[in-house]
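This briefing is meant for a reader who is meeting the structure for the first time. Please look over the sequence and the model before going on to the notes.

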Amino acid sequence: MTRIDETNRAFSAPNDAELGVADTSGGQIALPFAHRPRFGRTDFVAAPSNAAARAWVLDTEAVTRWPEGRMALWGAGGTGKTHLLSVWAGRYGAPVIDGARLNESAVVDLFHDGGFRAVALDNADAATREQDLLHLVNLARERRMSLLMVARQPPSRWPVALPDLLSRLRATASVPMGEAEEDLLHRLLLRLVAERQLVMGPQVTDWLLRRLPRRASAVRDYVALLDQAVMVSGGRITRTLAAAALEKLLNGEDEGGE
């Protein structure tokens, strides 16, 4: 198995070991099944704040107009960058590489495997091996492969010292994922709750939406905390339970969390 294959397993269905399923003595226990976000096209929450990104990434005609065949998609955590990258990668059969794991072997494997017409780099600004990132950018251009990179900041603000790489990044077109508007936060909350198979009444939903931080990443983190709370309590989502999870989220943010 190549390093590219190993990286792409992150988008595959989990097996029993990954889910923490183990043979027990026969008693029933509640297992904390690993949550796998759904990255399908229909699961993406479209909104004006991500309209420009969708146009440049999902429109096949727009992709052919990317300068030098590459594009950087950037924005705050939780705005849907990785989701959009996954949709794009699925459409073009592109392998997905995590920037934090990018190295010479990964680049060699990618171009040795061949047959790809596109490549996706998630967490691109987390790549610490600048020479390997430059090698990936150069090879993608030489082989006429579309390259989509995702990061928290636009390429011009990545911490890069290598002059050739800095030049390539400055020549890379970029499109932002905007901050989520109220309607998007509402629909995102409902989607994330349904994705985890939780049931939350409209009164609790309305109560939460008036109090949650106005960031998609906070909504995502909150639903994860709520899921944990429901698993521990074994009951339904009440306002008391929702309030306890919200307090935990806000306390975590006060201590320096995102």
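**The sheet and its surroundings**

In this predicted model, five strands come together in an open sheet whose order is S2-S3-S4-S1-S5, and the pairing is parallel. The edges are taken by strand S2 (96-98) and strand S5 (173-176), each of which has a single partner strand, so one side of each is left without a neighbour in the sheet. On average, and with direction ignored, neighbouring strands of this sheet are turned by 20° against each other.

**Pairing inside the sheet**

- Strand S3, made of residues 118-122, pairs with strand S4, made of residues 146-151, in the parallel sense and over four bridges.
- Within this topic, one facing pair can be named: Leu121 stands opposite Met149 in S4.

**Helices against the sheet**

- Helix H3 (residues 51-58) packs on the sheet, where it touches strand S1 (70-74), S4 and S5, and its direction makes about 140° with that of S5.
- Helix H7 (residues 130-142) lies across S1, S3 and S4, and it runs at about 145° to S4.

**Loop residues with positive phi**

- Most residues other than glycine have a negative phi.
- Asn123, which is placed in the loop between S3 and H7, has a phi near 50°, a positive value in a residue other than glycine.
- Because its relative accessibility is 33%, Asn123 counts as partly exposed, a class that lies between under 20% for buried and over 50% for exposed.
- Arg144, in the loop between H7 and S4, has a positive phi near 55° and is likewise a residue other than glycine.
- With a relative accessible area of 77%, Arg144 is exposed.

Conventions: Residues are numbered from 1 along each chain as its sequence is written. This is a predicted model: local features need pLDDT of at least 70, side-chain atom pairs count only at pLDDT 80 or more; totals for chains, interfaces and linings use all residues. Side-chain values use heavy atoms; hydrogens and water are left out. Two strands pair if DSSP finds at least two bridges between them. Helices (H or I, at least four residues) and strands (E, at least two) are DSSP runs, numbered from the N terminus. Axes are lines fitted to C-alpha atoms, for helices over the stretch in contact, and angles run from 0 to 180 degrees between N-to-C directions. Contact means heavy atoms within 4.5 Å. Buried means under 20% relative accessible area, exposed over 50%, partly exposed in between (1.4 Å probe, protein chains only).
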